[in-house]
Structures are given as C-alpha cells and as structure tokens.
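Me: I should like to learn how to read the features of a protein model, one at a time. May we begin with its contacts?

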Amino acid sequence: MTEKQLQHFRQTLEKQLKESMLMFDLIGRSINRRKGVLQEEAKDKATRSDDFKLLLQQADQERKRVGEIHQALNRMTCGRYGICVACKRQISLSRLEIFPTARFCLECTQLLEQEEKNREWTRASTT
Ligand SMILES: [Zn+2]
C-alpha cells in the first residue's frame with residue numbers, strides 16, 4: 001500500500017470515528033432521558049423497555065465500532081494496516097474501501113463464516 005492510499009484510509013477512519021463518537025454521545029443522552037421517563041411512569045412498560053433495549057443495543061454496537069476503528073488506527077501506526085491478521089496477506093483495497101476496519105481478507109472471512117455456519121448447523125441438529 002502506498003503512503004497516499006494509507007493516508008486516504010486514515011482520513012476515512014478518522015471521519016468514521018468522529019461520526020461514531022457523535023452517535024455514541026447522542027445515544028447516551030437518549031438513554032439518560034429515557035431513564036428519567038422510565039422512573040417517572042412505570043405504565044406502558046413493555047413498549048418503553050423495548051425502546052430502552054434498542055438504545056442499549058445501539059450503544060453497544062457503536063462502542064464496538066469505535067473499538068474497531070481504534071484498532072485499525074493502531075494497526076496503521078504499527079504498519080500492519082491492511083494486512084490480514086490470519087494469513088498475513090494484503091487485504092484487497094476494494095475490500096478496505098467498503099470495510100476500512102477489516103482485519104481479515106475476503107478468503108479468511110469466508111472460511112470463518114463457513115465454519116460458523118457449520119457449527120450452528122451442528123448445534124441445531126444436536127439440540
Ligand atoms: Zn487472510
């Protein structure tokens with residue numbers, strides 16, 4: 001990967017990080033607002049707790065995304081960005097363009113997914 005390409009992905013990641021942090025902040029505020037409402041009125045419990053659950057899931061997702069972006073930026077600092085952590089081959093630029101935080105190359109991802117599917121299938125057939 002050239003210096004210019006690396007720079008491009010760094011900018012993409014930093015932009016995504018900023019967006020995620022804003023989103024994280026927004027969700028956090030919604031959660032705190034919702035908490036107040038939840039404590040005030042316990043009626044209509046089902047729908048409200050559903051909303052709350054959704055917000056918590058969103059917060060968790062956003063936290064994961066922020067973590068992934070940080071990891072990708074760390075790999076950039078160490079000069080390991082864009083290299084598959086499993087097979088150590090270069091991850092294709094078109095893949096990084098879609099998933100700038102990708103840790104695995106396409107082949108390894110497909111193998112992983114295949115294995116997970118097999119495991120699920122085994123679990124489903126034994127239970
Ligand atoms: Zn790989």
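Reply: In this predicted model, consider the contacts between residues at least 6 apart in sequence: 58% of them join residues at least 24 apart.

Me: Which elements does the protein have, and in what order do they run from the N terminus?

Reply: The protein has 4 helices and 0 strands, so its elements read α-α-α-α from the N terminus on, by the assignment of DSSP runs.

Me: How should the overall dimensions be read, and what radius of gyration does the protein have?

Reply: One sets the radius of gyration beside that of a compact globule. For 127 residues such a globule would be near 14 Å, but the protein has 20 Å. The C-alpha trace spans about 60 × 45 × 20 Å along its principal axes. Buried residues make up 9% of the 127 residues.

Me: Which residues form the largest nonpolar core?

Reply: The general idea is that nonpolar side chains tend to be buried together in soluble globular proteins. Here the largest nonpolar core has 8 residues, namely Phe9, Ile69, Ala72, Tyr81, Ile91, Leu96, Ala102 and Cys105.

Me: Why does Leu96 count as buried?

Reply: Burial is judged by counting C-beta neighbours, and the cut-off is 20 or more within 10 Å. Leu96 counts as buried because it has 21 such neighbours inside 10 Å. Leu96 is found in helix H3, residues 93-98.

Me: With which residues is Leu96 in contact, leaving aside its neighbours within four places in sequence?

Reply: With that exclusion, Leu96 is in contact with Phe9, Gly82, Ile91 and Ala102. The C-alpha atoms of Leu96 and Gly82 are 7.2 Å apart, although the two residues are 14 apart in sequence. For another core member, Ala72, the partners under the same exclusion of neighbours within four places are Leu13, Tyr81, Pro100 and Thr101.

Me: Is Lys88 buried or exposed, and where is it found?

Reply: Lys88 is exposed, because 9 other C-beta atoms lie within 10 Å, where the cut-off is 12 or fewer. Lys88 is found in the loop between H2 and H3. Its phi is positive, about 65°, although Lys88 is not a glycine.

Me: What is the mean pLDDT of the protein, and which element has the lowest mean?

Reply: As a general caution, predicted coordinates should not be read in detail where pLDDT is low. In this case the mean pLDDT is 90, and 91% of the residues reach 70 or more. Among the elements, helix H2 (residues 45-77) has the lowest mean, 88, and H3 the highest, 96.

Methods
Residues numbered from 1 in each chain as written. Predicted model: local features only at pLDDT ≥ 70, side-chain atom pairs only at ≥ 80, totals over all residues. Core = buried A, V, L, I, M, F, W, Y, C linked by C-beta atoms within 7 Å. Contact = placed C-beta atoms within 7 Å. Helix = DSSP H or I, 4+ residues; strand = E, 2+ residues; numbered from the N terminus. Rg over C-alpha atoms; globule rule 2.2 N^0.38 Å. pLDDT = per-residue confidence, 0-100.
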